[in-house]
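Q: Hi, can you walk me through this one? I'd like to start with the surface and go on from there.

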Amino acid sequence: MALGKDYAAQDCSLARALEVVGERWTLLIVRDAFYGVRRFSDFLAHLDIPRAVLSARLAALVGTGVLAKDGHDYVLTDMGKELWPVVHTLARWAEDHLSAEPSRVFVHTDCDTRIGPDGTCPDCGRHVPPEELEIHAGPGVRRRTDPVSLVLRSPHRLLDPIRP
């Protein structure tokens, strides 16, 4: 039996979510938007994604309200920012179960403390929103030379635009 192209026959909230973020590149685009990537050319360089695929995924994310287009920039909306726990948890899951060293670690800027796998700060005990996080290179980071990777070698506040 051929695999369907969508989840329309499913009566499930998870299936509806996968309609928006379930395509192969989509969560990586969202991840990069959290990192501060805003421009088409920077997504293209950092993700090594085919141009047509990136264009289609960005259009779909704008169409569903995850991203907004602001001039030449793609910016996470409030709806998109709510995906932070999903992005963070999937990355931590890979570290725990797929023997992946963290390529990025996240520090709560108010406490200068690395957040835990559940997204809480061990010092203050709060669940930390992305606006209060700084990204640092972790032990598993590869030494890529695209402009976004070069910027992310230094600490960078999540959601702050990257301008390579």
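A: Sure. This is a predicted model. The accessible surface of the protein chain is about 9400 Å². Carbon and sulfur atoms hold 53% of that surface.

Q: What percentage of the 164 residues count as buried?

A: 39% of them.

Q: Which secondary structure elements does the chain have?

A: Seven helices and six strands. From the N terminus, the order is α-α-α-α-β-β-α-α-β-β-β-α-β.

Q: And why call the chain as compact as a globular protein of that length?

A: Its radius of gyration is 16 Å, and the globule rule gives 15 Å for 164 residues. Those values are close, so the chain is as compact as a globular protein of that length. The C-alpha trace spans about 50 × 35 × 30 Å along its principal axes.

Q: New topic. At what angle do helix α2 and helix α4 cross?

A: Roughly 70°, and their axes come within 10 Å. Helix α2 covers residues 26-35, and helix α4 covers residues 51-64. The angle makes α2 roughly perpendicular to α4.

Q: Which residues make the contact?

A: T26, I29 and V30 come from α2. L54, R57, L58 and L61 come from α4. By class, five are nonpolar, one is polar and one is charged.

Q: What about α3? Which of its residues are buried?

A: D42, F43, L44, H46 and L47 are buried in α3, which runs over residues 40-47.

Q: What covers them?

A: The cover includes α2, α4, β2, β3 and α7.

Q: And what follows α3?

A: D48 does, with a positive phi near 55°.

Technical notes:
Residues numbered from 1 in each chain as written. Predicted model: local features only at pLDDT ≥ 70, side-chain atom pairs only at ≥ 80, totals over all residues. Heavy atoms only, no water. Axes fitted to C-alpha atoms, helices over the stretch in contact; angles between N-to-C directions. Helix = DSSP H or I, 4+ residues; strand = E, 2+ residues; numbered from the N terminus. Parallel < 35°, antiparallel > 145°, perpendicular 65-115°, else oblique. Contact = heavy atoms within 4.5 Å. Nonpolar A, V, L, I, M, F, W, Y, C, P; charged D, E, K, R; others polar. Buried < 20%, exposed > 50% of the residue type's maximum accessible area, 1.4 Å probe, protein only. Rg over C-alpha atoms; globule rule 2.2 N^0.38 Å. Areas by Shrake-Rupley, 256 points an atom, 1.4 Å probe, with all protein chains shown as cover.
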